[in-house]
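Thanks for coming. I will go through one structure, starting with a strand and then working outwards.

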Amino acid sequence: MNRNTFAARSLAFALLSAASVIATNATAAEMVVYKSPYCGCCEAWAEALTASDTALRMENVEDMDALKTGHNVPDDAWSCHTAVADGYVFEGHVPLEAVKRVLEERPEIIGVAVPGMPSGSLGMGEDPSASYDVVGLNRDGSQSVYMEIRP
């Protein structure tokens, strides 16, 4: 093997290794799911994330209002649980696609929310006619549709 071939292969290996580390870190952040100790649907949501290889831990919290306020989740976006991962907030029954998209794309928002507890959202039972929005929580306090879930 000549010097140029060796250098080219070494560079290719280094680039592939770096890409692998970057890709792994994009989804490797541990998610912390804060929930009331009395809520079962939160555990169904967390189980779905765990099944998709999302590393998470659950923490029961008595004062969810204070936790949500502390993470700047607007009152009208509240749901039953609040998750935090890699600097983002995931409020309520956010679908897997939205969680992965936020962690991969890293948008300039504080997080996303599925306000309330819509039937058919992740952890809220199967409903093929489920129709709801995933709301982007913008840094200026405004909200916008981040993703539409439609049948």
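How many of the residues of S5 are buried? The count is 6 of the 6, so S5 is largely enclosed by the rest of the structure. Buried here means under 20% relative accessible area, exposed means over 50%, and partly exposed is in between, with a 1.4 Å probe and protein chains only.

Some conventions before I go on. This is a predicted model, in which local features need pLDDT of at least 70 and side-chain atom pairs count only at pLDDT 80 or more, while totals for chains, interfaces and linings use all residues. Residues are numbered from 1 along each chain as its sequence is written, and side-chain values use heavy atoms, with hydrogens and water left out.

Now the overall picture. The protein chain has 4 helices and 7 strands, in the sequence pattern α-β-α-β-α-β-β-α-β-β-β. Helices (H or I, at least four residues) and strands (E, at least two) are DSSP runs, numbered from the N terminus. Of the 151 residues in the protein chain, 40% count as buried. The exposed area of the protein chain is about 8400 Å², with carbon and sulfur atoms supplying 54% of it; the areas come from the Shrake-Rupley method with a 1.4 Å probe, and for residues only the protein chains shown count as cover. As for contacts, meaning heavy atoms within 4.5 Å, take those in the protein chain between residues at least 6 apart in sequence: 50% of them join residues at least 24 apart.

Next, the sheet. Its 7 strands form an open sheet in the order S2-S1-S3-S4-S5-S6-S7, and the pairing is mixed. Strands S2 (56-60) and S7 (143-149) are at the edges with a single partner strand each, so one side of each has no neighbour in the sheet. On average, neighbouring strands of this sheet are turned by 20 degrees against each other, direction ignored. Two strands count as paired if DSSP finds at least two bridges between them.

Let me walk through the middle of that order. S1 and S3 run antiparallel and are joined by 3 bridges, with Val 32 opposite Val 84 in S3. S3 (residues 82-85) and S4 (residues 88-92) also run antiparallel, joined by 4 bridges. Thr 82 has Glu 91 in S4 as its bridge partner, and Ala 85 stands opposite Tyr 88 in S4. These two strands, S3 and S4, form a hairpin with 2 residues between them, and Asp 86 in the turn has a positive phi of about 50 degrees. Which way do the side chains of S3 go? Thr 82 and Val 84 point one way, Ala 83 and Ala 85 the other way, and all are buried. S4 to S5 is a parallel pairing with 4 bridges, and there Glu 91 stands opposite Ala 113 in S5.

Two helices are next. Helix H2 (residues 41-51) packs on the sheet and touches S1 (31-35), S2, S3 and S4; the direction of H2 makes about 165 degrees with that of S2. Helix H4 (residues 96-105) lies across S1, S3, S4, S5 (109-114), S6 (132-138) and S7, at about 125 degrees to S7. Axes are lines fitted to C-alpha atoms, for helices over the stretch in contact, and angles run from 0 to 180 degrees between N-to-C directions.

Now some single residues. Lys 68 is in helix H3 (residues 64-70). Is Lys 68 buried or exposed? Lys 68 counts as buried, because its relative accessibility is 2%. Leaving out residues up to four places away in sequence, Lys 68 touches Val 73, Trp 78, Ser 79, Cys 80, His 81, Thr 82 and Glu 91.

Asn 72 is in the loop between H3 and S3. Its phi is near 60 degrees, a positive value in a residue other than glycine, and at 56% relative accessibility Asn 72 counts as exposed. Arg 106, in the loop between H4 and S5, has phi near 55 degrees, again positive in a residue other than glycine. Arg 106 is partly exposed, at 39% relative accessible area.

Last, the rings. The charged end of Arg 101 sits over the ring of Tyr 146, 4.1 Å from its centre; the criterion is NZ of Lys or CZ of Arg within 6 Å of the ring centre and within 35 degrees of the ring normal.
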